[in-house]
Amino acid sequence: IYERCGEPFSVKKIRLKITVSEKSQKSRFYREKREKYKKIHHMVLQNHDTMSVSEREQTKFIHRERRMSIMNEVHDIMNKTGCGSDRKSGHTREGEGMNAKKWDVYVYGDVNIDIVIPGVEKFPEPGQEDEVSVMETFVGGGAALFTLGVGKLGLHPVFQGEVGDDCYGELIRNKFRESHVDDSLLVISKELKTGISLSFTNEKDRSFLTYRGTNEKISIINVDVEKVKEAAHIHVTGYAGSSNHNEYLELLEKIKAETQATVSFDVGWDSTGEWKPEIRDLFPYIDVLFMNETEAEHYGRKESAEEAAREFARTAGMAVIKMGKKGSIAVKDGRLYQAAPYIVEAVDTTGAGDSFNAGFVYGFLRGKSMEECLKCGNGCGALSVTALGGNTGFPTEEKLETFIKNQETIERNK
């Protein structure tokens with residue numbers, strides 16, 4: 001295994017899947033593999049110093065792909081010999097590695113281009129032209145921003161959606177690849193152009209002009225459940241009340257019955273004002289339910305988000321509420337968890353909620369505690385607003401860990 005993987009690979013990860021009685025029988029096998037590992041590890045360390053940063057990142061990505069392929073083979077062998085894990089695939093506990101799947105997270109949804117124009121106090125009069133000092137182009141769309149986030153944190157997501165056969169579609173594909181996102185399910189439309197949203201911002205407000213383009217074709221019925229079977233987790237967005245409630249219920253029931261994937265679900269804002277009470281029909285099929293404070297109060301018909309979260313968590317696996325400047329809370333098994341906000345200087349709040357979701361799901365899939373998951377969500381949400389664009393300020397795994405430690409040190413020293 002080490003010889004084929006070509007990178008350091010912990011013997012302990014393999015041993016987690018082998019019973020005590022089998023360990024004694026496999027001791028010679030592991031001694032031989034350790035010797036091969038030492039030689040390969042020495043070779044990798046020698047080559048590491050001569051690589052550029054981009055080469056190291058690419059090598060890391062290739063190694064991860066090889067490792068996942070090898071672990072899939074190991075997992076199959078373990079199951080055939082009766083020593084495989086009996087826990088739900090894709091759902092991790094503290095101290096355990098993630099079960100080998102082709103993807104860590106499957107995401108279906110919107111992706112478009114955001115063109116951000118800050119400092120716009122007024123629009124030019126007809127026939128006039130104004131100049132701006134900054135005009136930036138970014139990948140946008142809530143589902144896409146979530147996917148880019150979990151990719152930056154070291155997970156391996158796949159994104160299913162659609163872009164146009166144009167320069168913006170190519171930009172999106174390149175950005176996905178840079179963030180280790182599998183774009184093999186990203187369809188290239190010959191009919192529609194990639195969606196574009198123009199964002200005009202100033203210190204007081206934001207205004208938008210949007211061309212939906214390929215996002216017009218988004219429908220939850222397009223989710224490929226056969227592909228979901230190859231993922232440890234699926235993140236669901238785009239709920240719109242009565243207009244697609246039945247489709248969402250049918251999909252979640254099918255995922256529960258036919259796959260082993262855990263499910264996170266961000267309900268999003270209801271622009272119709274309906275706040276459909278029957279949304280509760282979906283909760284038994286959801287492991288991680290996301291809402292912001294206002295959404296929770298509206299859907300819960302409660303005076304506080306905490307009251308709503310406690311009710312939601314009676315049927316959902318857990319209810320996680322984004323409280324903005326008040327941090328975040330979660331309820332699981334009747335217990336309330338809270339995490340204080342991290343104070344940063346906000347530049348652009350686009351995608352802050354999706355960034356929180358990415359951080360929380362990263363912690364959830366890594367088997368972290370509820371408090372740690374909330375901290376990961378708060379950290380990703382905070383850092384994401386420190387730069388223009390919904391994903392520009394989003395951290396890597398290392399940067400997130402450092403940020404949280406520094407913030408906790410500052411808090412202790414107050």
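**Figure 1. Arg301 in the loop between helix 10 and helix 11.** Arg301 is found in the loop that runs between helix 10 (293-300) and helix 11 (305-312); helices here are DSSP runs of H or I with at least four residues, strands are runs of E with at least two, and both are numbered from the N terminus. Phi of Arg301 is near 55°, a positive value in a residue other than glycine. At 48% relative accessibility, Arg301 counts as partly exposed; buried means under 20% relative accessible area, exposed means over 50%, and partly exposed is in between, with a 1.4 Å probe and protein chains only. A word on the source: this is a predicted model, where local features need pLDDT of at least 70, side-chain atom pairs count only at pLDDT 80 or more, and totals for chains, interfaces and linings use all residues. Residues are numbered from 1 along each chain as its sequence is written, and side-chain values use heavy atoms, with hydrogens and water left out.

**Figure 2. Asp333, between strand 12 and strand 13.** Here's another positive phi outside glycine: Asp333 has one of about 50°. Asp333 is found in the loop between strand 12 (328-332) and strand 13 (335-339). With 70% relative accessibility, Asp333 counts as exposed.

**Figure 3. An open sheet of 4 strands.** The strand order is 3-2-6-7, and the pairing is mixed; two strands pair if DSSP finds at least two bridges between them. Strand 3 (136-140) and strand 7 (206-211) stand at the edges with a single partner strand each, so one side of each is left without a neighbour in the sheet. From one strand to the next, the twist averages 25°; axes are lines fitted to C-alpha atoms (for helices, over the stretch in contact), and angles run from 0 to 180 degrees between N-to-C directions.

**Figure 4. Strand 2 and its two pairings.** Strands of a sheet pair through backbone hydrogen bonds, either parallel or antiparallel. Strand 2 (residues 112-118) runs antiparallel to strand 3, and 5 bridges join them. Look for Asp114, whose bridge partner in strand 3 is Phe138, and for Ile115, whose bridge partner in strand 3 is Thr137. Strand 2 is also joined to strand 6 (residues 196-201), by 6 bridges, and this pair runs parallel. In strand 6, Leu198 stands opposite Ile115. Of the 7 residues of strand 2, 6 are buried, so strand 2 is largely enclosed by the rest of the structure.

**Figure 5. Helix 6 and what covers it.** In helix 6 (residues 142-152), 10 of the 11 residues are buried, so the helix is largely enclosed by the rest of the structure. Among the buried ones are Leu145, Phe146, Leu148 and Val150. Their cover includes strand 1 (103-108), strand 3, strand 4 (157-164), helix 7 (167-178), strand 8 (231-236) and helix 12 (352-365). Helix 6 is followed by Gly154, whose phi is positive, near 105°.

**Figure 6. Asp166, buried without a salt bridge.** Asp166 sits in the loop between strand 4 and helix 7. Asp166 is buried yet has no salt bridge, and the nearest side chain of opposite charge, Lys193, is 4.9 Å away. The bookkeeping: Lys and Arg count as positive, Asp and Glu as negative, and His and the chain ends are not counted; a salt bridge is a side-chain nitrogen of Lys or Arg within 4 Å of a carboxyl oxygen of Asp or Glu. The side chain of Asp166 does make a polar contact with the side chain of Thr194, at 2.8 Å; a polar contact is a pair of N or O atoms within 3.5 Å, where, within protein, one must be able to donate a hydrogen and the other to accept it, and residues adjacent in sequence count only if both atoms are side-chain atoms. Leaving out residues up to four places away in sequence, Asp166 touches Lys193 and Thr194, contact being heavy atoms within 4.5 Å.

**Figure 7. Some of the 18 salt bridges in the structure.** Lys229 pairs with Glu226, the closest N and O atoms being 3.0 Å apart. Glu278 and Lys276 meet at 3.6 Å, N to O; Glu278 is partly exposed at 36%, while Lys276 is buried at 14%. Glu311 forms a salt bridge with Arg280, with the closest N and O atoms 2.9 Å apart. Glu311 lies in helix 11 and Arg280 in the loop between strand 9 (262-266) and strand 10 (288-292), so the pair ties together parts that are 31 residues apart in sequence.
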